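This report covers selected local features of one protein chain. Please keep the sequence and the coordinates at hand while reading.

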Amino acid sequence: MTTAVSPTRGKGIQTGADGRLQVPDEPIIPFIEGDGTGPDIWRASVRVFDAAVEKAYGGKKKIAWLEVLAGEKAKRQVDNWLPDETVEAYRKYLVGIKGPLTTPVGKGIRSLNVALRQLLDLYVCLRPVRWFTGVPSPVKRPGDVDMVIFRENTEDIYAGIEWAEGSPEVKKVIDFLQNEMGVKKIRFPETSGIGVKCVSREGTERLVRAAIAYALANGRNNVALVHKGNIMKFTEGAFRDWGYAVAKKDFRERIVTERESWILGNVEKNPQISVEDNARMIEPGYEVAPADMQAEFRREVEQALALLPTHGAGKYKQMLVIRDSIADITLQQVLTRPKEFGVIATLNLNGDYLSDALAAQVGGIGIAPGGNINYTTGHAIFEATHGTAPKYANLDKVNPGSVILSGEMMLRHLGWTEAAELVLRGMDGAIGAGTVTYDFARLMDGAREVKCSEFGSAIIEHMK
């Protein structure tokens with residue numbers, strides 16, 4: 001039995017010579033409705049998308065939806081969790097959307113979500129985080145949270161390169177590490193599983209390049225490279241260094257690093273300041289540093305001073321700031337100083353933690369959107385970021401916000417910003433009026449609890 005479905009209308013999205021999407025007035029968009037609560041959520045969401053497009057363009061544009069199979073529905077119908085035809089549809093039509101998928105139980109079976117990202121090389125996991133007025137939050141000022149996470153999506157420990165404790169394979173790896181590489185730090189080698197953390201220059205550069213381009217295009221004031229390079233120097237530390245390097249190489253006239261801004265600021269305040277005194281001001285440990293490190297700090301100052309013709313006289317203050325932040329400190333500061341973050345570029349594991357921590361501040365992953373994007377090929381899959389919640393399946397009960405807001409991201413990605421704005425307006429209006437699903441109703445004073453489908457209707461009503 002085949003899963004291939006031929007669209008009866010619409011045209012495929014293409015990419016132009018400049019790499020930009022060429023979107024027809026009736027683009028074919030593949031979708032996976034999802035497992036568990038997925039069908040309920042999809043029915044509510046697709047009505048919202050179609051209504052927004054209709055209201056924005058008066059019938060001149062519409063989406064030709066194409067259902068493709070994955071997850072439990074695919075397993076039931078064609079005995080395959082992720083059919084080749086599904087991957088090919090996303091590959092052919094470039095942009096698609098999906099609901100939550102079950103991860104199959106069994107050895108050697110990886111997450112379907114991860115599989116799709118890797119098969120299509122969707123190297124950016126894009127997660128915007130903002131608060132909608134009225135959404136219950138555990139923090140005092142959730143409205144301060146307005147940031148976008150660019151999470152590297154194909155490398156790090158999520159590549160799945162690991163060997164189980166006690167297996168013949170792990171014994172070979174440990175033997176190689178100990179006897180060939182001289183590794184002495186495996187604390188309990190007889191009972192250790194081993195995993196490999198891969199971080200490449202190319203993977204880092206394309207992620208950071210995309211994050212900076214997004215920040216510049218959307219008027220953000222800073223990009224933070226979040227890493228744990230103080231411990232993992234040749235993976236996460238390299239991510240930080242490669243990130244700064246690509247920022248300077250590709251965007252030099254439009255960016256300034258945070259430390260460069262300090263150096264230039266010191267010169268503004270005191271034009272006669274010496275290189276050494278400037279180094280002392282930006283580096284508190286200068287006096288106790290070894291001579292070679294002091295020389296490096298002075299070189300850093302000299303390199304920044306060379307920017308005076310293009311960045312001096314206060315011009316750097318209008319530029320995008322590139323800075324870095326240690327991951328554990330970042331997890332504190334997104335709570336205590338969220339306004340200091342505009343765009344975050346980070347590795348896979350850090351991004352996973354940060355995305356969910358931030359989602360909790362603005363209402364939980366039930367309304368957290370996500371997109372997986374390859375900015376080079378144009379491929380993108382937008383998706384719910386929560387699980388399948390099978391106990392609520394077919395009850396028309398759960399919050400469809402995650403898929404709806406992922407669809408808003410998709411519309412914006414297509415360049416249909418008018419429709420995307422209507423989705424946001426509808427969501428703001430429905431929640432602001434207290435017309436919400438059970439998860440919000442139980443936490444909001446005076447709210448009216450509605451079904452999943454009714455929440456979709458309320459969003460459409462508030463688009464006016």
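The sections below deal with one helix and one loop of this predicted model.

## Helix H6: length and ends

Helix H6 runs over residues 201-217, which makes 17 residues. At 1.5 Å a residue, a helix of this length should span 24 Å, and the end C-alpha atoms of H6 are 24 Å apart, so the expected and the computed span agree.

The N-terminal end of H6 is capped by Ser200, which places a side-chain oxygen 2.8 Å from the backbone nitrogen of Gly203. After the helix comes Gly219, with a positive phi near 70°.

## Helix H6: buried residues

Gly203, whose backbone nitrogen takes part in the cap, is also one of the buried residues of H6. The others are Thr204, Glu205, Leu207, Val208, Ala210, Ala211, Ile212, Ala215 and Leu216. The list thus includes Glu205 and Thr204 along with Leu207, Val208 and Ile212.

## Positive phi in the loop between E15 and H14

Most residues other than glycine have a negative phi. Two residues in the loop between strand E15 (380-384) and helix H14 (401-413) need a note here.

Ala389 is not a glycine, yet its phi is positive, about 45°. Ala389 lies in this loop and has a relative accessible area of 31%, so it counts as partly exposed.

Asn394 is found in the loop between E15 and H14 as well. Its phi is also positive, near 65°, and it too is a residue other than glycine. With a relative accessible area of 62%, Asn394 is exposed, because the cut-off for exposed is over 50%.

Note on methods
Residues are numbered from 1 along each chain as its sequence is written. This is a predicted model: local features need pLDDT of at least 70, side-chain atom pairs count only at pLDDT 80 or more; totals for chains, interfaces and linings use all residues. Side-chain values use heavy atoms; hydrogens and water are left out. Helices (H or I, at least four residues) and strands (E, at least two) are DSSP runs, numbered from the N terminus. The expected span of a helix is 1.5 Å times one less than its number of residues. Buried means under 20% relative accessible area, exposed over 50%, partly exposed in between (1.4 Å probe, protein chains only). A polar contact is a pair of N or O atoms within 3.5 Å; within protein, one must be able to donate a hydrogen and the other to accept it, and residues adjacent in sequence count only if both atoms are side-chain atoms.
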